[in-house]
Amino acid sequence: MEINTYEVVKKQIDIVAKEMELEPNIAKYLKRVERSLIVSIPIMMDDGTLGIFEGYRVHHSTIRGPGKGGVRFAPNVNLDEIKALATWMTWKTSLLNLPLGGAKGGICVDPKDLSKKELERLTRRYTTEIINIIGPDIDIPAPDVNTNAQIMAWMMDTYSMNKGRSIPGVVTGKPIEIGGSVGRESATGMGLYFVLQAMCEKLGLELKSQTIIVQGFGNVGGTIASILSREGCKILAISDISGGLYSSDGLNIEELLDWTRQGNCLKEFKDDRYEFITNSNLITTKCDILVPAALENQITHVNANNIECKIVLEGANGPTTPRADEILFKKGIHIIPDILANAGGVCVSYFEYVQDIRAYFWKLDRINKELKRILLEAFEEVYKVSEERKISLRTAAYIIAVSRIAKAIELRGVFP
Ligand code: NAD
């Protein structure tokens with residue numbers, strides 16, 4: 001069953017529009033993206049043949065500030081997925097009240113099939129193709145699935161070479177040596193931890209005695225698994241694209257991180273203590289806290305009824321479909337929605353951007369303190385609205401985010 005993620009986004013807008021009695025013209029406005037650029041990226045492959053790849057950059061909204069959003073390199077990337085992800089970025093920056101909009105980009109490619117040199121050529125040509133719609137005042141890309149600090153360094157260098165001067169503020173998630181921020185790499189995982197702590201307090205749960213399952217073992221999944229394991233939680237299962245590992249006694253996360261950092265996948269990790277588990281079985285395995293931290297549409301009406309946990313902490317963007325949302329809400333499972341739960345990444349990206357523009361860099365304790373403050377303020381606001389209106393945390397978060405954007409549209413007017 002193929003789910004169109006952009007249709008999911010439009011459905012979510014309908015739900016929130018009904019709940020908050022949103023002016024129909026505003027709802028209509030929010031269901032379109034400002035601009036979508038599709039680019040063809042030719043690169044010379046190492047074997048002398050020409051490779052052609054398709055890339056995208058989408059601005060959903062720049063009404064509250066420059067676009068902000070990641071760049072994804074993955075085989076299934078398509079325009080509708082990027083439009084959906086760009087829209088979610090608009091809600092996320094608005095929910096945190098950051099002076100930014102929502103954007104996203106990507107290339108339809110499996111980076112595992114490329115050599116490092118091919119990956120560099122691909123990144124540099126993609127950056128050149130989208131150069132007119134990115135920049136510190138226009139749209140600031142960042143890492144997402146299968147992209148990292150090295151790719152951001154190539155993007156920053158390509159942009160700077162074309163402009164004739166160093167412009168670190170064009171991307172975030174860069175290496176620290178060229179204007180990156182301390183704390184950016186772990187920011188999304190740290191943010192997940194802060195909001196989870198706050199949620200556990202509300203529910204009267206002791207975090208360290210909760211059992212955890214994490215889908216996705218990359219930047220987001222790996223960081224939150226490591227933080228929670230250090231906190232004392234038992235991590236029952238984790239997975240990557242190859243499948244997962246399960247142990248009722250808990251996994252040794254640091255050992256598995258060492259393994260995957262060397263380029264290995266989890267399926268290849270052979271150990272009598274652990275059982276292999278498929279990604280679909282992992283989602284429905286009983287635990288206290290389920291953290292989907294891989295891709296969209298992992299929790300659907302097909303598996304939602306079989307999910308047995310107290311909290312779903314959305315590390316990924318869009319892991320739960322609206323139909324699954326409804327089922328989980330009725331079952332009394334608390335979903336901490338993506339636009340709140342994983343917003344730590346964009347928050348520290350914003351700090352990086354501010355530091356680059358001011359050419360003045362902060363220490364890690366300042367980053368984490370400000371991150372915690374901003375996320376907890378947003379969490380309290382969302383929690384309060386959800387309690388008052390007896391609605392899910394997601395609908396509450398959307399009401400807050402959409403209200404700010406609606407106000408900005410009203411104040412600025414529809415040009416001309
Ligand atoms: P990543 O590339 O570092 O890791 C992705 C992980 O998911 C890998 O372990 C990969 O093997 C696994 N994976 C990929 N396809 C899968 C599949 N079909 N089934 C199961 N596992 C699969 O990416 P990331 O940066 O950790 O991003 C993960 C999610 O978090 C994405 O939805 C992304 O949009 C979201 N996110 C990332 C950030 C960030 O700062 N990196 C911020 C907010 C949200």
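How far is an oxygen atom of the ligand from a polar backbone atom of N146? The distance is 2.8 Å. The legends below start from that contact and then visit other parts of this predicted model.

**View 1. The ligand and the residues around it.** Here we look at the ligand, which has 23 residues surrounding it. The closest of these are D144, N146, T188, N219 and N317. Several backbone contacts can be picked out in this view. A polar backbone atom of N146 sits 2.8 Å from an oxygen atom of the ligand. For N219, the distance from a polar backbone atom to a ligand oxygen is 2.9 Å. V220 also brings a polar backbone atom to 2.9 Å from an oxygen atom of the ligand.

**View 2. N146 and its backbone angle.** Staying with N146, we can now look at the chain itself. This residue belongs to the loop that runs between β5 (139–143) and α5 (149–163). Its phi angle is near 65°, which is a positive value in a residue other than glycine. N146 has a relative accessible area of 44%, so it counts as partly exposed. Remember that N146 is also among the residues closest to the ligand.

**View 3. N297, another asparagine with a positive phi.** Is N297 buried or exposed? With a relative accessible area of 17%, N297 is buried, because the cut-off for buried is under 20%. Its phi is near 55°, again positive in a residue other than glycine. To find N297, follow the chain into the loop between β10 (289–292) and β11 (311–313).

**View 4. The cis peptide bond at P416.** This close-up shows the link from F415 to P416. The peptide bond there is cis, and its omega is near 0°. P416 is found in the segment after α14 (393–412).

**View 5. Cysteines without a disulfide.** How many disulfides does the structure hold? The count is zero. Take C200 as an example: the closest cysteine sulfur to its own sulfur is in C233, and at 7.9 Å it is too far for a bond, because a disulfide needs the two sulfur atoms within 2.5 Å. C200 is buried, at 2% relative accessibility. Another cysteine to look for is C347, which is buried with a relative accessible area of 0%.

**View 6. A cavity inside the protein.** The model has one cavity of 30 Å³ or more. The space in the largest cavity is about 40 Å³. Its lining is made up of Y29, L30, R32, E34, H60, S61 and I409. Both α2 (24–30) and β2 (50–61) supply at least two residues to this lining. Sorted by class, the lining residues of the largest cavity are three nonpolar, two polar and two charged.

**View 7. The second largest pocket.** This last view turns to an open space, the second largest pocket, with a volume of about 580 Å³. It is lined by 24 residues, and F329, I391, S392, L393 and T395 are the closest to its centre. Two or more lining residues come from each of α1 (5–20), α10 (322–330), β12 (334–336), α13 (364–389) and α14. Which element gives the largest share of the lining of the second largest pocket? That is α10, with five residues. By class, the lining of this pocket holds 12 nonpolar, six polar and six charged residues.

Technical notes: Residues are numbered from 1 along each chain as its sequence is written. This is a predicted model: local features need pLDDT of at least 70, side-chain atom pairs count only at pLDDT 80 or more; totals for chains, interfaces and linings use all residues. Side-chain values use heavy atoms; hydrogens and water are left out. Helices (H or I, at least four residues) and strands (E, at least two) are DSSP runs, numbered from the N terminus. Buried means under 20% relative accessible area, exposed over 50%, partly exposed in between (1.4 Å probe, protein chains only). On a 1 Å grid over the protein atoms alone, a cavity is a set of points where a 1.4 Å probe fits but cannot get out, and a pocket is an open set with protein on both sides within 12 Å along at least five of seven lines; lining residues have an atom within 4 Å of a point. Grid points are joined across faces, edges and corners, and a volume is the space filled by probe spheres set on the points. Ala, Val, Leu, Ile, Met, Phe, Trp, Tyr, Cys and Pro count as nonpolar, Asp, Glu, Lys and Arg as charged, and the others, Gly among them, as polar. A residue is near a molecule or strand if one of its heavy atoms lies within 4 Å of it. A polar contact is a pair of N or O atoms within 3.5 Å; within protein, one must be able to donate a hydrogen and the other to accept it, and residues adjacent in sequence count only if both atoms are side-chain atoms.
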